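Hi,

Here is the structure I promised to pass on. Have a look at it first, and my notes follow underneath.

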Amino acid sequence: MTPGTNTGRLRVEWSPGSDRLTGICHCGAEHRADDPVEIWTWLLAHPDHDTD
């Protein structure tokens, strides 16, 4: 699946070998952080989150 594909789902992916998580919104926006709470807070803020 490619980022930006609108599936209607929120996803969190772990980067193997690191503590980094990537939150991917159904709108295609992505956010990276070490803290899962930060990731989910950002994801659930849709549509008010940044598109970085």
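Before the notes, one cut-off: a residue is called buried when its relative accessible area is under 20%, exposed when that value is over 50%, and partly exposed in between. Please also keep in mind that this is a predicted model.

Let's start with the sheet. Three strands make an open sheet in the order β1-β2-β3, with antiparallel pairing. Its edge strands are β1 (11-14) and β3, each pairing on one side only. From one strand to the next, the twist averages 20 degrees.

β1 and β2 are held in register by four bridges. Arg11 has Ile24 as its bridge partner in β2, and Glu13 is partnered with Thr22 there. Six residues lie between the strands of this hairpin, and Gly17 takes a positive phi near 85 degrees.

On the other side, β2 (residues 21-24) and β3 (residues 30-33) also pair over four bridges, in the antiparallel sense. Ile24 turns up again here, with Glu30 as its bridge partner in β3, and Thr22 stands opposite Arg32. The hairpin of β2 and β3 has five residues between the strands, and Gly28 has a positive phi near 100 degrees.

Which way do the residues of β2 point? Leu21 and Gly23 go one way, while Thr22 and Ile24 go the other, and all of them are buried.

Now the charged side chains. How many salt bridges are there? The count comes to three.

- Arg11 and Glu13 meet in a salt bridge at 2.8 Å, N to O. Glu13 counts as partly exposed because its relative accessibility is 37%.
- Arg32 forms a salt bridge with Glu30, where the closest N and O atoms are 2.9 Å apart. Arg32 is at 47% relative accessibility, so it counts as partly exposed. Glu30 is at 14%, and therefore counts as buried.
- Asp34 and Arg20 meet in a salt bridge at 3.2 Å, N to O. This pair links distant parts of the chain, 14 residues apart: Asp34 sits in the loop between β3 and α1 (36-44), and Arg20 in the loop between β1 and β2. Asp34 is partly exposed, with a relative accessible area of 47%, and Arg20 is partly exposed too, at 36%.

If you go back to the picture, Glu30 is a good place to begin: this buried residue is the bridge partner of Ile24 and shares a salt bridge with Arg32.

Cheers

How values were computed:
Residues are numbered from 1 along each chain as its sequence is written. This is a predicted model: local features need pLDDT of at least 70, side-chain atom pairs count only at pLDDT 80 or more; totals for chains, interfaces and linings use all residues. Side-chain values use heavy atoms; hydrogens and water are left out. Two strands pair if DSSP finds at least two bridges between them. Helices (H or I, at least four residues) and strands (E, at least two) are DSSP runs, numbered from the N terminus. Axes are lines fitted to C-alpha atoms, for helices over the stretch in contact, and angles run from 0 to 180 degrees between N-to-C directions. Buried means under 20% relative accessible area, exposed over 50%, partly exposed in between (1.4 Å probe, protein chains only). A salt bridge is a side-chain nitrogen of Lys or Arg within 4 Å of a carboxyl oxygen of Asp or Glu.
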